[in-house]
Amino acid sequence: QVQLRETGGGLVQAGGSLRLSCAGSEYTVGSYAMGWFRQAPGKEREFVAAIIWLSNMIYADSVKGRFTISKNHAEKTVTLTMNSLKTEDTAVYYCATGARISTYAKDYNTWGQGTQVTVSS
């Protein structure tokens with residue numbers, strides 16, 4: 001059974017940076033699409049970024065130029081590096097895996113438990 005585990009969330013001031021990591025199996029990280037989604041209180045879960053293979057990446061418009069998604073096959077992790085954080089980036093961030101790269105949550109069938117990111121003003 002595929003398991004994903006997110007780490008790296010926390011509290012940061014606006015303008016700061018955080019790095020989230022998602023640990024999976026070597027097969028999962030190497031073969032499947034890996035995505036990051038987030039959900040703020042009272043809002044629906046929204047797409048943030050996704051990657052498949054090493055260089056096929058997509059981003060939500062709201063994070064383009066600020067967030068970077070990357071894979072580390074040796075460490076079996078997918079990392080979301082978040083720079084220039086804004087208060088509106090505050091949410092629980094989830095890692096997910098699916099058969100194809102997509103911006104839709106329904107295309108991802110395995111999810112981590114989530115990690116809280118809070119950006120203060």
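**Strands, salt bridges and a pocket**

Student: Which residue of S6 is the bridge partner of isoleucine 51?

Tutor: Methionine 57 is the bridge partner of isoleucine 51 in S6. This is a predicted model, in which local features need pLDDT of at least 70 and side-chain atom pairs count only at pLDDT 80 or more, while totals for chains, interfaces and linings use all residues. Residues are numbered from 1 along each chain as its sequence is written, and side-chain values use heavy atoms, with hydrogens and water left out.

Student: How do you know that strand S5 and strand S6 pair?

Tutor: A strand is a DSSP run of E with at least two residues, numbered from the N terminus. Two strands pair if DSSP finds at least two bridges between them. Strand S5 (residues 46-52) and strand S6 (residues 56-59) have four bridges, in the antiparallel sense, so the criterion for pairing is met. Three residues lie between the strands in this hairpin, where tryptophan 53 takes a positive phi near 60°.

Student: What makes S1 and S7 edge strands of the open sheet?

Tutor: The open sheet has four strands in the order S1-S3-S8-S7, with antiparallel pairing. Strand S1 (5-7) and strand S7 (67-72) each have a single partner strand, so one side of each is left without a neighbour in the sheet. From one strand to the next, the twist averages 20°, where the axes are lines fitted to C-alpha atoms and angles run from 0 to 180 degrees between N-to-C directions.

Student: How do you know which strands pair within that sheet?

Tutor: The bridge counts are set against the pairing criterion. S1 and strand S3 (residues 18-23) have three bridges in the antiparallel sense, with threonine 7 opposite serine 21 in S3. Six bridges join S3 to S8, and leucine 18 has methionine 82 of S8 as its bridge partner. Six bridges also join S7 to S8, which run antiparallel; isoleucine 69 stands opposite leucine 80 in S8. Each of these counts satisfies the criterion, so the strands concerned are called paired.

Student: Why is S8 called largely enclosed?

Tutor: Buried means under 20% relative accessible area, exposed over 50%, and partly exposed in between (1.4 Å probe, protein chains only). Six of the six residues of S8 are buried, so the strand is largely enclosed by the rest of the structure. Thr77, Thr79 and Thr81 point one way from S8, and Val78, Leu80 and Met82 point the other way.

Student: What makes lysine 76 partly exposed?

Tutor: Lysine 76 has 35% relative accessibility, which lies between the two limits, so this residue counts as partly exposed. Lysine 76 is found in the loop between S7 and strand S8 (77-82), and has a positive phi of about 60° although it is not a glycine. Serine 84, in the loop between S8 and strand S9 (91-98), has a relative accessible area of 42% and is therefore also partly exposed. Serine 84 has a positive phi of about 50° and is not a glycine either.

Student: How do you know that glutamate 46 forms a salt bridge with arginine 38?

Tutor: A salt bridge is a side-chain nitrogen of Lys or Arg within 4 Å of a carboxyl oxygen of Asp or Glu. The closest N and O atoms of glutamate 46 and arginine 38 are 2.6 Å apart, so the pair qualifies. Arginine 38, at 5% relative accessible area, is buried, whereas glutamate 46, at 35%, counts as partly exposed.

Student: Which other pairs form a salt bridge?

Tutor: The structure holds six salt bridges. Among them, lysine 64 and aspartate 61 have their closest N and O atoms 3.2 Å apart, and both residues are exposed. Aspartate 107 and arginine 100 also meet at 3.2 Å, N to O; aspartate 107 is buried, with a relative accessible area of 16%. Salt bridges that share partners join Arg38, Glu46, Arg66 and Asp89 into one network.

Student: Why is the largest pocket called a pocket rather than a cavity?

Tutor: On a 1 Å grid over the protein atoms alone, a cavity is a set of points where a 1.4 Å probe fits but cannot get out, whereas a pocket is an open set with protein on both sides within 12 Å along at least five of seven lines. Lining residues have an atom within 4 Å of a point. The largest pocket is lined by 13 residues, of which Arg38, Ala40, Lys43, Glu46 and Glu88 lie nearest its centre.
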